[in-house]
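Work through the exercises below with the sequence and the model open. Try each task before reading its solution.

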Amino acid sequence: MGFLWDYSDKDNKHHKQYLQTLRNIVLSLINDGYRHFISGGAIGADQDFAEIVIELKQTLYPDIQLEIAIPCPNQDLKWNYADKKRYERILSNADIKSLICPSYTRFCMQKRNEYMINNSSFVIAVWNGENKGGTYNTLCYARQKHKDLVIIPLDKIYSTA
């Protein structure tokens with residue numbers, strides 16, 4: 001995921017605006033009756049989304065569920081210690097853990113993304129506007145499957161905040 005600001009700077013105004021936008025969308029979906037949420041667990045938007053769902057489940061909406069679509073058992077193999085711990089916390093708070101591929105393959109991340117689209121009626125995409133990469137491919141797949149979706153355009157957040 002290509003954030004247009006320093007993602008590690010949690011005090012950055014763009015980062016705060018992005019997180020608030022994501023939280024507001026999740027709250028709107030809950031208010032519209034959605035109760036099951038799926039995250040891919042990847043570093044960045046996937047984990048931010050998962051943490052928002054966990055926080056809302058623990059504080060306001062105990063009836064919502066978080067599913068983590070795990071592309072392969074060692075998704076976090078090359079992650080740093082802090083990212084691995086964050087992922088472990090998310091997994092420990094997930095209601096459902098769905099393993100997509102039994103081992104790493106070239107296509108396991110794409111298969112995870114397709115699983116999430118195929119098992120969702122609404123899609124939230126955090127996108128930097130680039131017409132390449134996993135997020136772009138997933139957006140194209142969601143459109144091909146005629147899924148309702150909302151895009152959080154990182155380039156707009158970055159340019160207007």
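**Exercise 1.** Decide whether Asp46 is buried, partly exposed or exposed, and describe its surroundings.

Step 1. Buried means under 20% relative accessible area, exposed over 50%, and partly exposed in between (1.4 Å probe, protein chains only). Asp46 has 22% relative accessibility, so Asp46 counts as partly exposed. This is a predicted model, in which local features need pLDDT of at least 70 and side-chain atom pairs count only at pLDDT 80 or more, while totals for chains, interfaces and linings use all residues. Residues are numbered from 1 along each chain as its sequence is written, and side-chain values use heavy atoms, with hydrogens and water left out.

Step 2. Asp46 lies in helix α2; helices (H or I, at least four residues) and strands (E, at least two) are DSSP runs, numbered from the N terminus.

Step 3. Contact means heavy atoms within 4.5 Å. Leaving aside neighbours within four places in sequence, Asp46 is in contact with Ser39, Gly40, Gly41 and Arg112.

Step 4. From C-alpha to C-alpha, Asp46 and Val126 are 8.9 Å apart in space, though 80 residues apart in sequence.

**Exercise 2.** Describe the largest pocket: its space, its lining and the elements involved.

Step 1. On a 1 Å grid over the protein atoms alone, a cavity is a set of points where a 1.4 Å probe fits but cannot get out, and a pocket is an open set with protein on both sides within 12 Å along at least five of seven lines; lining residues have an atom within 4 Å of a point. Grid points are joined across faces, edges and corners, and a volume is the space filled by probe spheres set on the points. The largest pocket holds about 890 Å³ of space.

Step 2. Its lining has 40 residues, and Asp46, Met116, Ile124, Ala125 and Thr138 lie nearest the centre. Two or more lining residues come from each of α1 (13-31), β1 (36-39), α2 (45-59), α4, β4 (122-127) and α5.

Step 3. Ala, Val, Leu, Ile, Met, Phe, Trp, Tyr, Cys and Pro count as nonpolar, Asp, Glu, Lys and Arg as charged, and the others, Gly among them, as polar. The lining divides into 22 nonpolar, 14 polar and four charged residues.

**Exercise 3.** How do α4 and α5 cross, and which residues of α4 are buried?

Step 1. Axes are lines fitted to C-alpha atoms, for helices over the stretch in contact, and angles run from 0 to 180 degrees between N-to-C directions. The axes of α4 (residues 108-118) and α5 (residues 134-144) come within 10 Å and cross at roughly 35 degrees.

Step 2. The contact is made by Gln110, Asn113, Glu114, Ile117 and Asn118 of α4 and by Gly134, Asn137, Thr138, Tyr141 and Ala142 of α5. Three of the contact residues are nonpolar, six polar and one charged.

Step 3. A crossing is left-handed if the near helix is turned anticlockwise from the far one by less than a right angle, and right-handed if clockwise. The crossing of α4 and α5 is right-handed.

Step 4. Cys108, Arg112, Asn113, Met116 and Ile117 are buried in α4. The cover over them includes β1, α2, β2 (65-70), β4 and α5.

**Exercise 4.** Is His146 buried or exposed?

Step 1. His146 is found in the loop between α5 and β5 (148-153).

Step 2. His146 counts as exposed because its relative accessibility is 72%.
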